[in-house]
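Q: Hi! Could you walk me through this structure while I have it open?
A: Happy to, ask away.
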Amino acid sequence: MIQLIDVSKSFFQVNHEIQVLKKIHLTINKGDYLAITGVSGSGKSTLMNIIGCLDQASLGDYYFNDLNIRELDDNQLSETRNQLIGFVFQHFHLLPRLTALENVMLPLVYGGVSEKHRKVLASEALSQVGLEDRMAFLPTVLSGGQKQRVAIARALVTKAPLILADEPTGALDSKSSELIMAIFQELNQQGKTIVTITHEKEVANCAKRQILLKDGAIIEER
Ligand code: ADP
Ligand code: MG
């Protein structure tokens, strides 16, 4: 599904270059459940942004389903993101004035799905994460764990094959974290490919594979 071949990433600041990723070589197959671990500043989010087509490698190649990401224009990149990737963030990124249902319907707006069908698909996705009784609620009246479940439903609604999660349990108590991990496990068993960033051991241990980043390089894989 995904292949990174010697991917490096540098950022340029006033008069010097910081190399944040160094020759990352990584293959992610359909059905994988991969945890990316490492201390703060080791390059996890930068790697995630590249995998999520939100940023481009400075050097090296990135293939997603045999598409060379470097060759896509901005429209094709947005389309790839929308159709192939569901994003989950530490702080949920829900729109506060929209209900849970409306938040989950959003990614389908770009796909040109009719409103009626958007509602059906969004309520199915919310049921998948056990929130069928919270659809009309605004994010402000939901707990952290419930907000994250809404965000997961939003990542599921397009039926994208890959879920990318950046510290999905980082803002949650341990009980809510366990529920989120159980949802990821179940989704993976149903065939969803999952890549999650975490620096929590228990979360990493739920994945089938782990890579450890240090100073922008993969120093351990298991
Ligand atoms: P992590 O997610 O593991 O904490 P990041 O990928 O966010 O690490 O950052 C890795 C390193 O890259 C850090 O030293 C950070 O300061 C630097 N960095 C990240 N993004 C930028 C940027 N846009 N410009 C300059 N430096 C950056
Ligand atoms: Mg980060």
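Q: Which strand does isoleucine 194 lie in?
A: Isoleucine 194 belongs to strand 8, residues 193–197. Strands here are DSSP E runs of at least two residues and helices are H or I runs of at least four, both numbered from the N terminus.

Q: Is this a predicted model, and what should I know about numbering?
A: Yes, this is a predicted model, where local features need pLDDT of at least 70 and side-chain atom pairs count only at pLDDT 80 or more, while totals for chains, interfaces and linings use all residues. Residues are numbered from 1 along each chain as its sequence is written, chains are lettered from A and ligands numbered from 1 in the order in which they are written, and side-chain values use heavy atoms, with hydrogens and water left out.

Q: Back to isoleucine 194: buried or exposed, and why?
A: Isoleucine 194 counts as buried because its relative accessibility is 0%. Buried means under 20% relative accessible area, exposed over 50%, and partly exposed in between, using a 1.4 Å probe and protein chains only.

Q: What is isoleucine 194 in contact with?
A: Leaving aside neighbours within four places in sequence, isoleucine 194 is in contact with Asp32, Tyr33, Leu34, Ile163, Phe184, Leu187 and Asn188. Contact means heavy atoms within 4.5 Å.

Q: And leucine 187, what is that in contact with?
A: With the neighbours within four places in sequence again left out, leucine 187 is in contact with Gln128, Ile152, Leu156, Ile163, Lys192 and Ile194.

Q: Which residues touch the most other members of the largest nonpolar core?
A: Val104, Leu126, Val150, Ile152, Phe184 and Leu187 do, out of 37 residues. A nonpolar core is a set of buried Ala, Val, Leu, Ile, Met, Phe, Trp, Tyr and Cys residues joined through side-chain atoms within 4.5 Å. The largest share of this core, six residues, comes from helix 5.

Q: New topic: which residues are around ligand 1?
A: Phe11, Gln13, Val20, Val39, Ser40, Gly41, Ser42, Gly43, Lys44, Ser45 and Thr46, each with a heavy atom within 4 Å of the ligand. Helix 1 gives the most to this shell, with three residues.

Q: How far is ligand 1 from the polar backbone atoms?
A: An oxygen atom of ligand 1 is 3.1 Å from a polar backbone atom of glycine 43. For lysine 44, a backbone N or O atom lies 2.9 Å from a ligand oxygen, and for serine 45 a polar backbone atom is 2.9 Å from an oxygen of ligand 1.

Notes
A polar contact is a pair of N or O atoms within 3.5 Å; within protein, one must be able to donate a hydrogen and the other to accept it, and residues adjacent in sequence count only if both atoms are side-chain atoms.
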